[in-house]
Amino acid sequence: MTLQPAILIPWLPALSAGLCGLCCVRKSWRRLAAPLTIGAIFASFLLAVLVSPAVKPFDPAEPDLAPHVVTLFSWIHVGDFRVDMAYFLDPLTLLMLMVVCGVGTLVAVYAAGYMAGDRGYARFFAGVSLFIFAMTTLVMADNLVLLYLGWEGVGLCSYLLIGFYYQKPSAVAAAKKAFIVNRIGDLGFALGIFLIYSTFHTVSLAEVLSLAHHVEEPTTAHLWIPFLLMLGAFGKSAQIPLYVWLPDAMEGPTPVSALIHAATMVTAGVYMIARLLPVFELSPYALPTVAIVGAVTALFAATIALCQYDLKRIYAYSTISQLGYMFLGVGVLSTVGGMFHLFTHAFFKALLFLTAGSVMHALAGQLDLRKISGLRTRMPITCLLMLFGCLALAGFPFTAGFFSKDLILADVLVRGLSLHQPLYTTLAVVGLVTAFLTAFYTFRLWFRVFLGPTRYELGDEHHAADGAHAAGHAADAHDIKIEHVHDAHEMPWLMNAPLVVLAVGALFAGLFCKSWLAGLVTQSSAAAAAAHSLHAHATLCGYDPHLAMEFISSAVAVLGIAAAAYFHWLNRPAADSVAARYRGLVSLLNHKYYVDEIYDALIVRPLRALGGLCFVLDRLIVEGLVALVGFLPRLLGLGLQPTQQGALQGYGLGMAAGIAILALLIALALGT
């Protein structure tokens, strides 16, 4: 099987983006945008499946396992520096392509119904197609320059999609925040690429990984490279301290939230570390730092989610927390665990965001938990679908999230116990505490929304955050007709059908794909050797660490769900009583530890004041000097103006005076 068809995988969504742009020109063409996008992304998914049998693993430690590289054309060639538009194909690439294109297709199908009636319908799908093009370019890149191009393309598309409702100030602010915060991380990533080239004299992924693997004595440059790359990963994947953009990204349409949070942009940082793992192993402190930041982020975001009331924001902080698990996994050399959780998370998190979008769509933009209850009778299908997603997120036994989360936690615990390193044992405990909190806040939401007495308040459809009723985006008389919401109702099957597919993945992807993923994701040699050694040590000690962790985490998940059932279904006054007793703590969590306010006071306002000062200096000094330079010729002209009155005798007198002055100067010159 030839790999040449893989060249088309990124370019089909790119073609779709261009055609969707043309669809914006005429109203009668807008309906074509959705099928064009769905068809292009699904075709890319099929191509990834088609070429997968011919793709073999790549290990930089094994010279015989050379990577599959498909070259499109020579891109940059200056002296010894050469960069091709080429694609790197190995099992890790295929895994990411299947996640991005598979979940992307389902999100696009859902969006076809969700966005119907929006005046920016074609523009939305153009942005989605461009987003998939950038993400597939990122994961298929053969070199760091092309990877960085896709990396920045994803950031640009996120700015366009988060700020889709550009007439809404909060959406514009959220888009700018996402763009600026990501630029901080991207600067570190760019510096890391520069340092890689200056150290290894190549940007080819295969060559960099091979050279990094054979480094015997790391230099200072080798030690700095992982930390610069890490900064980029933390920004793109919303880890402390660069996580603040992700909750605000909820201002975009719900399908955008599902796309960004589940399968594409936020997983780019995890993928980058997994791809460049031999580079991160150059520093003995890099991967432990990744693990610590991941665990702290997971716990930090989970505590914030406990006291949020907006459905989408709860899931946003859940995404940050689950990304923390992925970083914890790759940080302890559990590459399979980290990528396995990335795979399962794509299913259940896309499902949860889209079912939240269905609730929002049915209630004219209402997302406040305090104003929704008992929707199971009005939205039974959505109720069941969200339940499946919540079970997977909570790590309920035998769901997808259960297997992937336990694999990470077991590997962390084994590393701590076998190597007698308290750090990793502590991180495993942090992971278990986070798992309990995750089960609690996940089912707090589900019990509040769907169980209990049936009562709800419809949102103000003229101020809905997104959907067909968003402000300023209602269809006009010639556009798609909008059916106004008068009561909660179930979604049409155009929107529910892709959710059923995601629900199946959320329930069974872990059970049936665990062994497949273990063979698909090739770890670095050091990671594989460490994992084998630690597991053998644990087995000799008389226990199976993964089986033990499955029992422990099952108990933790069930306890979290039971606690949520008591406080948020069976005895809701008890939850109100506890919240009143710990009002200060609840307020702290509700305000997200005031991190945004702290950043605003310490960073945003000082920079804004500095910008204002520079503006004043620019007006006074720079523009003042420019004005002075421009005024000097004018001043000279004003001085000469009286001599140009049109009187002939005046001109004659001036000529005579001039001749006299010249004669005097000549005489003086001759005299000397």
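Which residues does Trp446 touch, not counting residues up to four places away in sequence? They are Cys383, Met386, Leu387, Cys390 and Leu451, where touching means heavy atoms within 4.5 Å.

## About the model

This is a predicted model, in which local features need pLDDT of at least 70 and side-chain atom pairs count only at pLDDT 80 or more, while totals for chains, interfaces and linings use all residues. Residues are numbered from 1 along each chain as its sequence is written, and side-chain values use heavy atoms, leaving out hydrogens and water.

## The nonpolar cores

Trp446 also appears with Trp245 and Phe443 as the residues with the most contacts inside the largest nonpolar core, which has 194 residues. Such a core is a set of buried Ala, Val, Leu, Ile, Met, Phe, Trp, Tyr and Cys residues joined through side-chain atoms within 4.5 Å; buried means under 20% relative accessible area, with a 1.4 Å probe and protein chains only. Helix α15 gives the largest share of this core, 17 residues.

A second, separate core of 17 residues includes Ala295, Tyr325, Leu409 and Leu432.

## Two helices side by side

Let's look at α15 again. The axes of helix α14 (residues 311-331) and helix α15 (residues 335-362) come within 9 Å and cross at roughly 175°. That makes α14 roughly antiparallel to α15 (an angle over 145 degrees). Among the residues making the contact are Tyr325 of α14 and Phe353 of α15.

## A hairpin

Strands β1 (residues 68-78) and β2 run antiparallel, joined by 9 bridges. Together they form a hairpin with 2 residues between them, and Gly79 in the turn has a positive phi of about 65°. Strand β2 (residues 81-89) has 7 of its 9 residues buried.

Conventions
Axes fitted to C-alpha atoms, helices over the stretch in contact; angles between N-to-C directions. Helix = DSSP H or I, 4+ residues; strand = E, 2+ residues; numbered from the N terminus. Parallel < 35°, antiparallel > 145°, perpendicular 65-115°, else oblique. Buried < 20%, exposed > 50% of the residue type's maximum accessible area, 1.4 Å probe, protein only. Pairing = 2+ DSSP bridges.
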